[in-house]
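Here are some short exercises to work through with the model open beside you. Try each task before you read its solution.

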Amino acid sequence: MRNYSLPKARRLHRAAEFQSVIRFKRSVSGQFLQFFIKPSPLDYPRLGLIVAKKLERQAVKRNRLKRVLREIFRIHQQELDKVDCVFRLQRSTTQADIVRFRQEAEMLIFRMKRHVTIDHKTD
């Protein structure tokens with residue numbers, strides 16, 4: 001049985017952790033999100049979220065977007081092994097965009113997973 005939990009250990013907390021993933025410069029972008037990924041020495045994936053106050057002024061909206069992204073990561077974490085991931089919001093969303101936002105996040109994970117698999121095969 002798969003474990004779909006997302007404990008604190010599976011999240012990025014420090015600014016240096018976020019910076020190292022972003023500086024690795026392995027990313028894919030969509031209309032709303034940019035998704036960064038970096039190999040990690042740990043045996044499990046970790047997630048970091050950047051939802052800027054400048055883009056989403058209301059805390060309720062920022063928290064909702066973060067909840068959606070955590071849920072998507074939680075479901076797909078078994079497919080992403082030994083990597084640190086960061087989702088960064090690129091533009092604000094409306095209530096009507098939330099379905100497209102969710103689909104885009106899943107698509108970015110799928111695209112990045114495919115690129116990482118290709119890279120590992122060429123090594």
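**Exercise 1.** Leaving aside its neighbours within four places in sequence, which residues is F35 in contact with?

*Solution.* First, some ground rules: this is a predicted model, where local features need pLDDT of at least 70, side-chain atom pairs count only at pLDDT 80 or more, and totals for chains, interfaces and linings use all residues. Residues are numbered from 1 along each chain as its sequence is written, and side-chain values use heavy atoms, with hydrogens and water left out. Next, apply the rule for contact (heavy atoms within 4.5 Å). With those neighbours set aside, F35 is in contact with R26, S27, V28, L80, C85, V86, F87, L108, I109 and M112.

**Exercise 2.** Find the element that gives the most residues to the largest nonpolar core.

*Solution.* Start with the term: a nonpolar core is a set of buried Ala, Val, Leu, Ile, Met, Phe, Trp, Tyr and Cys residues joined through side-chain atoms within 4.5 Å. Buried means under 20% relative accessible area, exposed over 50%, and partly exposed in between (1.4 Å probe, protein chains only). The largest core has 25 residues, and L33, F35, L69, L80, C85, F87 and F101 touch the most other members. Helices (H or I, at least four residues) and strands (E, at least two) are DSSP runs, numbered from the N terminus. Elements giving two or more residues are β2 (33-39), β3 (46-50), α2 (59-76), β4 (83-89) and α3 (98-122). The answer is α3, with six residues.

**Exercise 3.** Is K25 buried or exposed?

*Solution.* Locate K25 in the loop between α1 (15-23) and β1 (27-29). K25 counts as exposed because its relative accessibility is 69%.
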